[in-house]
Amino acid sequence: MDVATATAENAGEMVKDELAEKCQKLFQAFLEEFQTGDGEVKYVREAEELIRPERNTLLVNFTDLEGFNQELATTIQEEYYRVYPFLCRAVRNFARDHGNVPLNKEFYVALEDLPTRHKIRELSSMRIGTLVRISGQVVRTHPVHPELVSGTFLCMDCQTVIKDVPQQFKYSPPTICRNPVCNNRSRFHLDTHKSKFIDFQKVRIQETQAELPRGSIPRSLEIVLRAEAVETAQAGDRCDFTGTLIVVPDVSQLRTPGVRAETSTRVAGGPQGFESEGLRGLKALGVRELSYRLAFLACNVAPTNPRFGGKELREEEQTAESIKSQMTEKEWEKVFEMSQDKNLYHNLCTSLFPTIHGNDEVKRGILLMLFGGVPKTTMEGTSLRGDINVCIVGDPSTAKSQFLKHVEEFSPRAVYTSGKASSAAGLTAAVVRDEESHEFVIEAGALMLADNGVCCIDEFDKMDLKDQVAIHEAMEQQTISITKAGVKATLNARTSILAAANPVGGRYDRSKSLKQNVNLTAPIMSRFDLFFILVDDCNEVTDYAIARRIVDLHSRIEESVDRLYTLDEIRRYLLFARQFKPKISSESEEFIVEQYKRLRQRDGAGGVSKSAWRITVRQLESMIRLSEGMARMHCCDEVQPKHVKEAFRLLNKSIIRVETPDINLEQEDELEEEEQQEDGHVNGMNGHVNGINGHVNGVNGHAEPGSQPKPSLRLSFNEYRRISNLLVLHLRRAEEAEEEEELKKSAVVNWYLKEIESEIDSEEELVNKKGLIEKVLHRLVHYDHILIELSQAGLKGSESASTEEEVVLVVNPNYILED
């Protein structure tokens with residue numbers, strides 16, 4: 001028996017870690033002695049805070065530690081994992097000295113402001129156990145679980161209580177019962193009431209786009225957060241994590257199919273005491289599994305760049321004062337100087353996009369998008385969005401993607417995706433099953449990652465319809481709702497969307513309406529506040545300027561870019577200006593209402609005008625948001641009529657550019673005249689193509705010198721559409737009735753003139769109208785290909801079709817009449 005007690009005493013001797021204990025003493029001395037500049041002990045007040053039941057972590061600044069004792073700081077940095085429990089013990093003693101803290105309460109220490117920051121790629125097994133700070137973007141967060149820190153076990157054979165068994169990332173019962181008589185090695189019961197648990201959350205982070213080497217897939221890393229650090233990082237945040245690399249057994253590797261045979265419980269009737277083990281096979285030979293993986297145990301989470309664009313870019317809590325305190329005196333003066341700049345609007349545009357020539361309206365629209373309107377919440381709790389969405393539709397090579405890339409580089413929280421390559425789940429959020437715990441977690445998509453920022457979507461028109469639908473809710477309600485696999489969640493997506501699209505068929509067709517040019521549904525189109533059309537027109541002056549600009553840029557990249565403000569200054573100004581919450585003054589209110597009425601009337605007056613997208617209440621809200629953005633940009637506290645004017649002008653521009661130009665009936669003739677001059681016989685209007693206009697030439701053709709100027713041969717697009725629909729309906733009716741005579745060209749002209757005879761007062765007007773309808777017919781046949789000319793022998797234009805009168809008009813069978 002004596003021998004047994006002796007061995008038990010020896011077994012009970014703890015190995016002392018002298019280095020760590022020395023660290024503990026020094027750290028406690030640091031906490032008690034370190035003083036701020038004005039002589040008060042810095043950490044006492046924070047220690048008194050720890051008395052509150054919900055607090056258990058003391059935040060220590062690493063630079064203070066270095067200033068106090070360099071050796072201590074170096075030891076903590078190099079041997080962090082080893083000395084961490086001792087540091088926590090020091091905090092516990094310190095807290096107990098300064099307040100009546102419950103005895104069994106655990107305390108933790110968190111370190112911030114480490115001097116160096118590492119990328120995820122730089123983490124190797126060398127850094128295991130040392131203190132490092134890494135940065136990345138959170139892509140997936142798991143729910144918070146309790147984790148067992150130290151367990152109290154009950155031996156089921158002799159009822160001995162075994163206290164404080166430390167747990168290491170997995171459930172580890174004691175190896176043998178502490179009662180020397182009892183030899184129980186496997187049957188232990190965990191007493192949950194006496195064990196200690198701590199909040200535990202897993203987060204996955206990924207490298208940010210900016211840090212990626214070209215052509216690499218972003219690496220990701222699991223982060224373990226404990227105690228007060230849980231729930232501090234949300235999906236989409238870019239954060240710095242301070243902590244240490246740890247190695248954890250790769251549980252998911254154990255589940256791979258090849259090994260599963262080994263890990264089954266085949267040993268049911270084996271020797272005594274092995275029933276509960278289950279994992280036999282290679283393990284029984286003393287071979288441990290070799291696959292471990294790196295994880296990161298973080299003690300502190302901080303936004304990467306809190307001044308510009310970490311979490312606080314759009315956080316509502318910040319005030320102008322708090323931002324001012326974050327800037328140096330010089331930076332603040334610069335911001336003030338910018339706010340006094342009379343020409344700020346223009347200067348910001350040129351400084352933000354120095355390499356893009358022209359397209360001023362688009363630059364202005366994007367600038368206002370960055371400032372944004374003011375989000376509001378009604379009494380019922382409905383939120384009205386403040387973000388401005390912009391869509392750019394344009395011909396190839398009009399610098400659309402350049403705009404998107406510029407915004408992505410400039411804006412702190414911007415995500416760039418391409419429409420064709422992203423799915424609905426990739427844009428909003430996906431529900432994925434975790435490899436280890438097999439529970440469902442939400443993985444953030446592009447819109448969630450860009451929360452409080454800008455989401456740039458290129459090739460917007462090439463997205464599948466079902467994926468476009470996923471954006472509907474995010475664009476207006478600013479949330480993403482998910483009901484999949486038992487996960488019901490509503491996630492925030494307060495993001496501005498900047499989309500670029502190509503028109504149908506590659507180029508923008510002026511004669512068609514915006515709706516026919518863009519392959520987007522009406523609901524999506526109405527959700528965009530600004531719609532910019534970039535048409536690649538040939539214009540000698542602009543072409544020269546653009547060519548000069550591009551050649552300049554290629555030949556001397558640095559000097560050709562003339563920025564008035566640097567990007568950092570603009571970021572600072574943006575951050576400051578976004579603190580303003582401009583209210584709408586009463587005169588601006590009336591002005592907005594007036595302008596909206598004007599827009600609505602113009603929309604209604606066009607009849608079935610398909611010229612632009614409809615003006616809805618959303619456009620009224622857009623006008624309000626744009627005015628607020630303008631007021632914010634000038635750092636005003638109220639929206640003035642001049643801001644509304646600019647907003648109205650931008651909105652108008654984005655609508656007007658879209659309107660179909662008037663149909664110029666002379667343009668064909670000019671083209672043909674040019675062709676015919678080469679042939680050498682100019683014969684009135686349409687030359688030898690169809691000489692119907694023989695006797696009209698005096699009027700419409702070359703007006704004799706001295707006679708009145710040519711009557712205008714321009715038709716508004718709506719009028720042209722009306723006439724063409726009238727003719728198509730008449731011809732279809734005649735075709736069905738098989739009235740051959742009615743289909744002849746002369747008969748059609750006469751029918752039309754008879755229809756409008758009430759409008760004709762004089763012979764001259766009759767001649768004009770006749771010329772007009774013939775030109776419309778000509779255009780419908782040769783340009784719009786709505787009608788087809790047939791002669792008795794076949795298609796018009798073949799050899800036999802010599803005489804004029806035989807021409808018969810029929811409607812193109814593929815033509816669909818529009819409403």
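**L498 and its core**

I started at L498 in this predicted model and listed its contacts, setting aside neighbours within four places in sequence. L498 touches I366, M369, V390, I392, L404 and V407. I also noted V454, C455, C456 and I457 on the list of residues in contact with L498.

Next I looked up the nonpolar core around it. L498 belongs to the largest nonpolar core, which has 57 residues. Together with L348, I366, V407 and Y573, L498 is among the members that touch the most others. I asked which helix supplies the largest share of this core. It is α12, residues 360-371, with 7 residues.

I found another core lying apart from this one. That core has 41 residues, including A235, A429, F460 and L491.

**The five-stranded sheet**

I traced an open sheet of 5 strands and wrote down the order β14-β17-β20-β13-β21. The pairing is parallel. Which strands are at the edges? They are β14 (414-418) and β21 (530-534), each of which pairs on one side only. From one strand to the next, the twist averages 15°.

I then checked how β14 is held to β17, residues 454-458. The two strands run parallel and are joined by 5 bridges. For T417 I looked up the bridge partner in β17 and found I457. I457 had already appeared in my contact list for L498.

**Helix α2**

I took α2 next, residues 18-33, a helix of 16 residues. From first C-alpha to last, α2 reaches 22 Å, close to the 22 Å expected at 1.5 Å a residue.

I listed the buried residues of α2 as A20, C23, Q24, F27, Q28, F30 and L31. Why do they line one face of the helix? Seen down the axis of α2, the buried residues fall within an arc of 155°, so they line one face. The background is that an α-helix has 3.6 residues a turn, so residues three or four places apart point the same way. On the other side of α2, I noted E18, K22 and K25 as exposed.

I also looked up what covers the buried residues of α2. The cover includes the strands β1 (57-61) and β2 (108-112). It also includes the helices α4 (62-68), α5 (70-78) and α6 (80-97).

**D64**

My last entry is D64, which lies in α4, one of the helices covering the buried residues of α2. Is D64 buried or exposed? Its relative accessible area is 12%, under the 20% limit, so I logged D64 as buried. Setting aside neighbours within four places in sequence, I found D64 in contact with F30, F34, K42 and Y43. Of these, F30 was already on my list of buried residues of α2.

Conventions
Residues numbered from 1 in each chain as written. Predicted model: local features only at pLDDT ≥ 70, side-chain atom pairs only at ≥ 80, totals over all residues. Heavy atoms only, no water. Pairing = 2+ DSSP bridges. Helix = DSSP H or I, 4+ residues; strand = E, 2+ residues; numbered from the N terminus. Axes fitted to C-alpha atoms, helices over the stretch in contact; angles between N-to-C directions. Expected span 1.5 Å × (residues − 1). Buried < 20%, exposed > 50% of the residue type's maximum accessible area, 1.4 Å probe, protein only. Arc of directions from axis to C-beta. Contact = heavy atoms within 4.5 Å. Core = buried A, V, L, I, M, F, W, Y, C linked by side-chain atoms within 4.5 Å.
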